Amino acid sequence: MRTTGRGDRRGRAATAAGTGRGFWPWARLLGGGGVLAVLLGWLGTGPFLAGLRLIDAPALAAAVGIGALTTSCCAWRWSLVAGGLGVRLPLPTALAHCYRAVFLNATLPGGVLGDVHRAVRHGRDVGDVGRGVRAVVWERAAGQVVLAAVAMVVLAAFPSPVRPHLPTVAGLLAAAGLGAVLLARALPSGGASRWARAARAAAADVRAGLLGRRAWLGVLVASTVAVAGHLATFLLAARTAGSTAPLALLVPLTLLALLAMGVPANVAGFGPREGVAAWAFGAAGLGAAEGVATATVYGALVLAASLPGAAVLLVHRARVPAGTV
């Protein structure tokens, strides 16, 4: 009877896990779709279409050039982190995978499926899926940390709707970081629990993949240049959409929209980015419509810059025989 009970419990656990895996993708998709529905009901289709009509060849060419720089920086950062974790990743291979990931992120719901694909694909290529996934996780985490650090400095230096709240945010982040460090130290160094093993593995990954002697400077430089490239693309989108606001006002607003892109709940990249841009531009006195138009143009420019990834995807499909994985 106890065996049957354990089987029932395992079955219920498996069912719950499967339900969770099926629920969250839909929840993320509905979250992004909900934001877009609210914006469409509030502002109509005008702001979404107005900026797109103003996109011209010079703007597309500039976006493709900036995209090449930012994608190369992300590929370099990934190669450094993977090397630190002990898995080989040549820069040309990393660049091809990153282009494909950017294209998939810009065209599929969630905004992270391209990164999931490159993580699993690289892990299979090197015979260690777990280490391949960890390399992408830490590479992406490094980029988000640098983006957050740049955003904190810029938002503190220039006027923005969130400037009065920055001390509170900084305090919460510092407390969270301190809590994580204290928790890691409190876990037994030789413990066999799952949390202890995970903490030791994470600490080892950070030391080797991000803070290693051969990695940390390259990771920092690549991340900073990538953030600058994304910011330049957003500013290009603002000018293309017709914004005449000074850069001192636009830079913090676009950084807020970039931070919102870290939320994995969107429809082909659209959703939180447009929602935050509408709020930020509106709060700054520029109008929510201008924020939506800017964010929409940014999405279109990023899609154009990611098109080499579509070519990589097509070449891969042409080389892989039908029926193989």
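**Figure 1. T233 sits in helix α9.** This close-up comes from a predicted model. T233 has a relative accessibility of 7%, under the 20% limit, so the residue counts as buried. Its contacts beyond four places in sequence are I66, Y298, L301 and V302. Y298, L301 and V302 belong to the α12 side of the contact between α9 and α12. T233 itself is one of the α9 residues in that contact.

**Figure 2. Helices α9 and α12 cross at roughly 120°.** Helix α9 covers residues 216-240, and helix α12 covers residues 288-305. Their axes come within 8 Å. The angle lies outside the parallel, antiparallel and perpendicular ranges, so α9 is oblique to α12. The crossing is right-handed. From α9, the contact draws on H230, T233, F234, L236, A237, A238 and T240. From α12, it draws on T294, A295, V297, Y298, L301 and V302. Nine of these residues are nonpolar and four are polar. Charged residues are absent from the contact of α9 with α12.

**Figure 3. Helix α11 packs on α12 at an angle of about 145°.** Helix α11 spans residues 272-283. The two axes lie 7 Å apart. α11 and α12 make a right-handed crossing. On the α11 side, the contact residues are R273, E274, A277, A278, F281 and G282. On the α12 side, they are A288, E290, G291, V292, T294, A295, T296, Y298 and G299. The class count is seven nonpolar, five polar and three charged residues. T294, A295 and Y298 of α12 meet α11, and these residues also take part in the contact with α9.

**Figure 4. Helices α3 and α8 pack with their axes 7 Å apart.** Helix α3 runs over residues 57-84, and helix α8 over residues 194-210. The angle between them is about 125°. That value makes α3 oblique to α8, because it falls outside the ranges for parallel, antiparallel and perpendicular pairs. The crossing of α3 past α8 is right-handed. L80, V81 and G84 supply the α3 side of the contact. A208, G209 and L210 supply the α8 side. By class, there are four nonpolar and two polar residues, with no charged ones.

**Figure 5. W138 lies in helix α6 and contacts residues far along the chain.** Helix α6 comprises residues 129-157. Beyond four places in sequence, W138 touches V81, L85, A202, D205, V206 and L210. V81 is one of the α3 residues that meet α8, and L210 is one of the α8 residues that meet α3. The side chain of W138 also makes a polar contact with the side chain of D205, at 3.1 Å. W138 and V206 are separated by 68 residues in sequence. Their C-alpha atoms are 7.6 Å apart in space.

**Figure 6. L211 occupies the loop between α8 and α9.** Is L211 buried or exposed? L211 is exposed, because its relative accessibility is 57% and the class begins over 50%. Setting aside neighbours within four places in sequence, its contacts are V206 and W216. V206 is also a contact of W138. The C-alpha atoms of L211 and G84 are 8.9 Å apart. Along the chain, 127 residues separate the pair. G84 is one of the α3 residues in contact with α8.

**Figure 7. R118 is a buried arginine in helix α5.** Helix α5 covers residues 113-126. At 3% relative accessibility, R118 falls under the 20% limit and therefore counts as buried. The R118 side chain makes a polar contact with the side chain of D115, at 2.9 Å. Which residues does R118 touch, not counting those up to four places away in sequence? They are W78, H97, C98, A101, V136, E139 and R140.

**Figure 8. The whole protein has 13 helices and zero strands.** Read along the sequence, its pattern is α-α-α-α-α-α-α-α-α-α-α-α-α. The protein has 325 residues, and 37% of them count as buried. T233 and R118 are both in the buried class. Among contacts between residues at least 6 apart in sequence, 70% join residues at least 24 apart.

Definitions and conventions
Residues numbered from 1 in each chain as written. Predicted model: local features only at pLDDT ≥ 70, side-chain atom pairs only at ≥ 80, totals over all residues. Heavy atoms only, no water. Axes fitted to C-alpha atoms, helices over the stretch in contact; angles between N-to-C directions. Helix = DSSP H or I, 4+ residues; strand = E, 2+ residues; numbered from the N terminus. Parallel < 35°, antiparallel > 145°, perpendicular 65-115°, else oblique. Left-handed = near helix turned anticlockwise from the far one by under 90°. Contact = heavy atoms within 4.5 Å. Nonpolar A, V, L, I, M, F, W, Y, C, P; charged D, E, K, R; others polar. Buried < 20%, exposed > 50% of the residue type's maximum accessible area, 1.4 Å probe, protein only. Polar contact = N/O pair within 3.5 Å; in protein donor to acceptor, adjacent residues only side chain to side chain.
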